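Please open the model in your viewer and keep the sequence panel beside it. The tour proceeds by selection, one stop at a time.

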Amino acid sequence: MSSETDTVQVDPKQLPADSFTDSDLVRIALVDSAASNAYRLSRYAQMVSEDQARAGDYVRLAQILYANDSLMDRAVVAERVRGTSWETLAEALRTTPEETEEKWGSAEARWRRETPVTSVHRKDPGHFAAVADLYITTDRPSVLGAAERRPLSAALDAAAHLTGRDVAAADRAFAGSPACAHCGH
């Protein structure tokens, strides 16, 4: 984490909607999905711990939680938007590239067809980025300490000019390429 991103505060609601890249938009949607899943799972855990269930609720609600899970769809789309191949995804998912593309290719196609009219994340990305920032920095979504957590908006391409983030270097690092051509780092 660079010192620029530590000190610069980004209000994603102030960024123009058209300044968000596809990578930004899909990452915002992915965090939104993860936060929704975390909330649903915490409610499920509360129901189980407080013994408020009727007969069959444990499995009925577990089935609903995972049948409607958009997290994997969003994760695959985020990887594809960032340039990850079907082969790499298949290796991670322990399937064949053909099976992986067959299962999640339609999710990617739907994402690419979305517009601000059909997608709340594309219509108001700043709002959803702000919600993600609030969740990441104030809730307890992971075991990371508060000092290690930074808002999603600090890493968005749309905020790169405010934070000093080198988008090209981040893309090269994601792809496994050296960020620095002259020294290999």
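The stops below run from the interior through the charged pairs to the surface. Please bear in mind throughout that this is a predicted model.

**Stop 1: the nonpolar core**

Begin by selecting Phe20, Ile28, Trp111 and Leu152. In the largest nonpolar core, which has 23 residues, these four touch the most other members. Next, colour helix H2 (22-49), helix H4 (71-81), H6 and helix H8 (125-138), each of which supplies at least two residues of this core. Which helix gives the most to this core? The answer is H2, with six residues. As a general background, nonpolar side chains in soluble globular proteins tend to be buried together.

**Stop 2: Glu108 and its two partners**

A search of the whole structure finds six salt bridges. Select Glu108 and Arg80 for one of them: their side chains meet with an N to O distance of 3.1 Å. Arg80 belongs to helix H4 and Glu108 to helix H6, so this pair ties together parts that lie 28 residues apart in sequence. Is Glu108 buried or exposed? Glu108 is buried, because its relative accessible area of 9% is under the 20% limit.

Keep Glu108 displayed and add Arg112. These two residues also form a salt bridge, in which the closest N and O atoms are 3.1 Å apart. Both lie in helix H6, and because they are four residues apart there, about one helical turn separates them. Arg112 is partly exposed, with a relative accessible area of 45%.

**Stop 3: a network of charged side chains**

Now select Asp22, Glu114 and Arg122, which are linked in a network of salt bridges. For the pair Arg122 and Glu114, the closest N and O atoms are 3.9 Å apart. Arg122 is buried, at a relative accessible area of 13%, whereas Glu114 counts as partly exposed at 26%. In general terms, side chains of opposite charge can pair when their charged atoms come close.

**Stop 4: the negative surface patch**

Switch to a surface view and select Glu87, Glu98, Glu99, Glu101 and Glu102, which form a negative surface patch. Which element contributes the largest share of this patch? Helix H6 (residues 97-113) does, with four residues. For a single example, centre the view on Glu102, whose place is in helix H6. Glu102 is exposed, with a relative accessible area of 70%.

**Stop 5: Arg94 in its loop**

From the patch, move to Arg94, in the loop between helix H5 (86-93) and H6. The backbone deserves inspection here: phi of Arg94 is near 60°, a positive value in a residue other than glycine. Arg94 counts as exposed, at 80% relative accessibility.

**Stop 6: the nonpolar surface patch**

For the last stop, select Val48, Tyr58 and Val59. Together they make a nonpolar surface patch of about 260 Å². Tyr58 is found in helix H3 (residues 57-67). Why does Tyr58 count as partly exposed? Its relative accessibility is 36%, and partly exposed residues are those between the 20% limit for buried and the 50% limit for exposed.

How values were computed:
Residues numbered from 1 in each chain as written. Heavy atoms only, no water. Patch = residues over 30% accessible without salt bridge, like charges linked within 9 Å, V, L, I, M, F, W, Y side chains within 5 Å. Areas by Shrake-Rupley, 256 points an atom, 1.4 Å probe, with all protein chains shown as cover. Salt bridge = Lys/Arg side-chain N within 4 Å of Asp/Glu carboxyl O. Lys, Arg positive; Asp, Glu negative; His and termini not counted. Charge placed at Lys NZ, Arg CZ, Asp CG, Glu CD. Buried < 20%, exposed > 50% of the residue type's maximum accessible area, 1.4 Å probe, protein only. Core = buried A, V, L, I, M, F, W, Y, C linked by side-chain atoms within 4.5 Å.
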